[in-house]
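Hi,

Here is the model I promised to pass on to you. Have a look at it first, and then read my notes on the interfaces below.

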Amino acid sequence: MSSNVFVHPQAIVESTTLGVGTRVWAFAHVCKEATLGANCNVGEGCYIEGGSRIGDRVTIKNGAMIWEGVTIADDVFVGPGVVFTNDLRPRSPRFAAVVERYASKGWLGHTQVGRGASIGANTTISCGVSIGEFAMVGAGAMITADVPAYALTFGNPARVRGYVCMCGTKLPSFRNGSTRCVACSLRYRKTAKGVVTGE
Amino acid sequence: MSSNVFVHPQAIVESTTLGVGTRVWAFAHVCKEATLGANCNVGEGCYIEGGSRIGDRVTIKNGAMIWEGVTIADDVFVGPGVVFTNDLRPRSPRFAAVVERYASKGWLGHTQVGRGASIGANTTISCGVSIGEFAMVGAGAMITADVPAYALTFGNPARVRGYVCMCGTKLPSFRNGSTRCVACSLRYRKTAKGVVTGE
Amino acid sequence: MSSNVFVHPQAIVESTTLGVGTRVWAFAHVCKEATLGANCNVGEGCYIEGGSRIGDRVTIKNGAMIWEGVTIADDVFVGPGVVFTNDLRPRSPRFAAVVERYASKGWLGHTQVGRGASIGANTTISCGVSIGEFAMVGAGAMITADVPAYALTFGNPARVRGYVCMCGTKLPSFRNGSTRCVACSLRYRKTAKGVVTGE
């Protein structure tokens, strides 16, 4: 582990793959075999399980829980109290009738969060979904389906309600398939592959 | 307390009634007069208040909060960030106008979770409800009413959306009052008392 | 800080402005420049950020997160797992394209909670809203708009569903603009300024 990693004395860090400049605050736990990039911030009381993979410059606010099977790209914002999941039909693994199910990793669901996306406070994320790059998930949402890139989504279950710019500003409606951010002037187009940015 | 109980050095365990093989992880607190059975797992940051009663082989994921008045049967799964409650109309007990209300336990609501049930991540549970055995509460749900045995329920407020097998698999629709799990072949019947299993 | 403040040995209290009789429990953190009044109770695992201001006799249940920009009046109940927010369009401040946005405090939203209000368990609160005095927010709610005084509100998004008395009891429907609490006999009137109490 880099000598430039900050670990609060009341945090538990067992992983040895934390990038330069990453900070882990009190009562947080980064487990063995969790991977964190450079310049991340892991808030108080977060739990980062072994088998999760987190990129660079990711902000993880207090109390967020990230499990095995979750992959988070660079520049993502994970709000306070966000709960990921990795089992669509959980039972107590100690229950005799399901011991076989939990003997291998067939139950494990995988979740992807794309570059620069934001996940609002206290959101819950069903496993098996993919959150597109620069998507913005509103606070208190329940994510049960894939979220397209740049989409603004919220509610329980969450639905797409519009689109946001990379900078976070809500985009005006698309006209003839294109729009432009009022804050930073970046252009966006709707294509067969979804919303993209560029001229 | 059994000598076979594991308590993480950063956990707080004041209860003396934890069964054999039960483990309590960091930053969790099992209060005096909370009862936990054997072979339970209490995840990081959980709070188990005095006056709650928890059976055997219960899996309680990180950050769950279980209060006085909550009774959890054997083999239950309590997902990460699940919040029980025990007061339907809470006020700050320090507020002068409600001191009388909080002088006795008349405000205390009771909640039951039946054997083998699963409560999904970040679910909130109003007090006074009963969750039936082997019911499955989806992630992010708000439980405001009783949940029948074997029911699959989710949303805010949560509604019954189908039924699940003891093994966790969603059951096909009932035909002539019966159905069978495609994964484990267990049969179920709809009766006047709700869904039951057996020939 | 008053000598009559209780700080659990596993709590972190950096603020010096906690009033007489206030207690802070394990794994909670009251940051420098957070202000807490007298006779408050800060449950386990709470996070009270610098720049938040909290009145007297406030009950803050376990795991609640209160950020800069949040002001809470006297006698408020903040339920377990309640998450406030202070940024309507969060991005990771470490992401190069938004560094300018986070260089000043223009992103910071403010939230007010009025005297005697109750916020139910696991509720999420969008920033920029005002919760009226003695309002009652049901458990699991997503607050996205102002809540009137004495209003009972719940759901995602939360909607006003009725009114409650100062004592916590649900009020009967208003007739000719007035009603009376069946529990404590307090009278209420609907006025142009909202619901008020008094003769």
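Between chain C and chain A there are 14 residue pairs in polar contact, both residues of each pair being at pLDDT 80 or more. A polar contact here is a pair of N or O atoms within 3.5 Å; within protein, one must be able to donate a hydrogen and the other to accept it, and residues adjacent in sequence count only if both atoms are side-chain atoms.

Some ground rules before the rest. This is a predicted model, in which local features need pLDDT of at least 70 and side-chain atom pairs count only at pLDDT 80 or more, while totals for chains, interfaces and linings use all residues. Residues are numbered from 1 along each chain as its sequence is written, chains are lettered from A and ligands numbered from 1 in the order in which they are written, and side-chain values use heavy atoms, with hydrogens and water left out.

Back to chains C and A. The salt-bridge count across their interface is zero, taking a side-chain nitrogen of Lys or Arg within 4 Å of a carboxyl oxygen of Asp or Glu as the rule. On the chain C side, 13 nonpolar, nine polar and three charged residues touch chain A (nonpolar: Ala, Val, Leu, Ile, Met, Phe, Trp, Tyr, Cys and Pro; charged: Asp, Glu, Lys and Arg; polar: the others, Gly among them). In total, 25 residues of chain C and 39 residues of chain A take part in the contact, meaning heavy atoms within 4.5 Å. Together the two chains bury about 2300 Å², with 57% of that from carbon and sulfur atoms; this is the accessible area (1.4 Å probe) that two parts lose on being put together, summed over both. R89(C), R91(C) and R94(C) lose the most area to chain A, together 32% of what the chain C side buries.

How are the two chains related? A turn of 120° and a shift of 0.0 Å along the axis lay chain C on chain A with an RMSD of 0.0 Å (least squares on the C-alpha atoms of residues with pLDDT of at least 70 in both). That is the relation of a three-fold axis.

Chain A also has an interface of its own, between domain 1 (6-164) and domain 2 (169-199), with bounds from an automatic or database domain assignment. The area buried between these domains is about 590 Å², 69% of it from carbon and sulfur atoms. Y150(A), Y163(A) and V164(A) supply 82% of what domain 1 buries there, more than any other three residues.

Best wishes
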